[in-house]
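Subject: Structure for you to look at

Dear colleague,

I am handing over the structure below, and I would be glad if you could read these notes beside it.

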Amino acid sequence: MKRSIKQQHQFQLKQLYCKQKLNIQTEVDDTRNSKLVRKLCYVQISLNYSPLNKVEHSVFSNRWKINKGLLSNKANRLMTQQQSDSETEFPNQPKIIQLSQRSQVQTKRSISNKRNNSIGDYNQSPKNQNRASLFTSQKQRSYSIQQQQQQQRQQQQSLFQSVGIKQNQANDPKSFIQQFELTIEEWDKFGNRFPFGFQREKLLGRGGFSLIWLAKEQKGGALCAIKQIPRKSKHETHFKELAFCTQFFNKGGQIKSQYQQNEGIKYLCKMLDYVIDPHDVFIMYEACGYSLGTQLYDFESLNNSYKLIPQKLSLLFKQFPVFLLKFIKRITQTIDLLVKTGWVHSDIKSENILISYGQQDVEYKIIDYGSSFKFVEVFDKFSMATPEYMSPEMLTFILRENQMSYDNQLIESLVNYDKSWVIDIWGLGCVVLEIISGLPLWMSYDTQVINYKGQKIMAQGLFAVTGRSFSKIVEKQIKILTNLEFVLREQNYSGIQVSPLLTQLLKGMLAINPKQRYSPQQILNLLQDI
């Protein structure tokens, strides 16, 4: 059936109206999405700089989508509920929230105006109005929306600059994770929260329950290391670390007066400040240098194995063995300080010692106090550390606590376990043994090395075992240390000359029976001329 010209015209006008209505709805949805993105941005900023804001971010698989509904609900609640609580401590936050609320009002007005304009365009269209006129008005509105969005971006940028925030701190999860090479699990656990007044530069490392960031002060531009520890950690490492730090340092990085004359305090990484909020503990440390391990060895990948490449510090120890003795003396001085204050670091290893090169000397700093405890609480507060650097009696203690097979003689050595240095002195002995060996103690992959005869052979770390089984590590510790002189000759891949003094020190530090292990004073007496 043919339609009349009037019916055709009415039909075309109806189609045009439906399309226009669809365009209006699309614009409204886009504006609402833009509003949600701005809300996320402002909530993330206030989250970074307010200890009272919390937004849970959901990152979906590989598409990196944000659960906008969850964020929208939480953002509305948190912005209203917690504005007054944080105004005193963070004066810039009210400005951010005020601007956010003003932007929300402007967005609502914009949506209302778009509806009115669209309805007006349709009502004012005569029956003979062609499609081009409506398309022109729609194009003009689209252009005005782009201008409005551009103004909002400029307003956001000026807001960042006015409160001293780098824009990358308000990035979406995808770009943040890519920029700092985080995993999705780390994003869920740590987010992009950061203390006010600091700019995040790069990720320095990862602890068992923390992230370590290189940061810059926004005022002075000084660099420091910031350790971020979530307060939800069941191991409560933030309590241990803060208790240890405040034993020796005041806020501001000052050494407490009673320790200023002690030589051992020089080799503890200095705490500069700390911030506690409901979600994280941020501890600011001095930036100290390179990890000891990275300055001892590197590895080149071969077909199904690796090749050992000695690094600068290993070559220095090889050429000047006295530097290795100086290293032992300085770390022992710090352990002696811990003994006098009743503390145990309990995780002395190559990754937890930082070094920096001077013109004529090498400086050392011990880091990572998250496993520390008071020795009087050794069987209550002792926590898991790196097993290859743990003493055999403590590995055996863990085996017994978990109802696994263990060596009865080592358990008996825990009776009258009253020498607070035995755990840390063992750890130092392991580090020295690793330096001489040239391979990490945990290296369980076949590695091409050069032995003392100049032959290329394949080797592994001295305490490396499949699966890192505690009982197997203990067995290997006993086997290696029972034949220590043979190991120091045949499995010396660093080329460092092992003197009788160094052999004596290693035997004393790595005695299987903790009651026979050297004390810090015994070691310092042997090294008094160094």
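What follows is a short account of a sheet, its helices, some aromatic rings and a few single residues.

This is a predicted model, in which local features need pLDDT of at least 70 and side-chain atom pairs count only at pLDDT 80 or more, while totals for chains, interfaces and linings use all residues. Residues are numbered from 1 along each chain as its sequence is written, and side-chain values use heavy atoms, with hydrogens and water left out.

Helices (H or I, at least four residues) and strands (E, at least two) are DSSP runs numbered from the N terminus, and two strands pair if DSSP finds at least two bridges between them. One open sheet has three strands in the order β8-β12-β13, with antiparallel pairing. Because β8 (290-291) and β13 (362-366) stand at the edges with a single partner strand each, one side of each is left without a neighbour in the sheet. Two bridges join β8 to β12 (residues 353-357), and Tyr290 stands opposite Ile355 in β12.

Two helices lie across β12 and β13: α9 (residues 312-319), running at about 120° to β13, and α10 (residues 322-341), running at about 35° to β13. These angles run from 0 to 180 degrees between N-to-C directions, with axes fitted to C-alpha atoms, for helices over the stretch in contact, where contact means heavy atoms within 4.5 Å.

Turning to the rings, those of Phe, Tyr and Trp (its six-membered ring) pair if their centres lie within 6.5 Å, and planes under 30 degrees apart count as stacked, over 60 as edge-to-face and the rest as tilted. The structure holds 19 aromatic pairs. Phe194 and Trp213 form an edge-to-face pair, 6.3 Å centre to centre with 85° between the planes, and both residues are buried (under 20% relative accessible area, with exposed over 50% and partly exposed in between, using a 1.4 Å probe and protein chains only). The rings of Phe327 and Tyr364 have centres 4.9 Å apart and planes at 65°, so this pair is edge-to-face. Since Phe327 lies in helix α10 and Tyr364 in strand β13, the pair ties together parts that are 37 residues apart in sequence.

Finally, UniProt, in an unreviewed entry, places the feature "binding site" at Lys232; its positions are given in the numbering used here, feature names are shortened, and annotations may be inferred rather than shown by experiment. Lys232 is exposed, with a relative accessible area of 74%.

Best wishes
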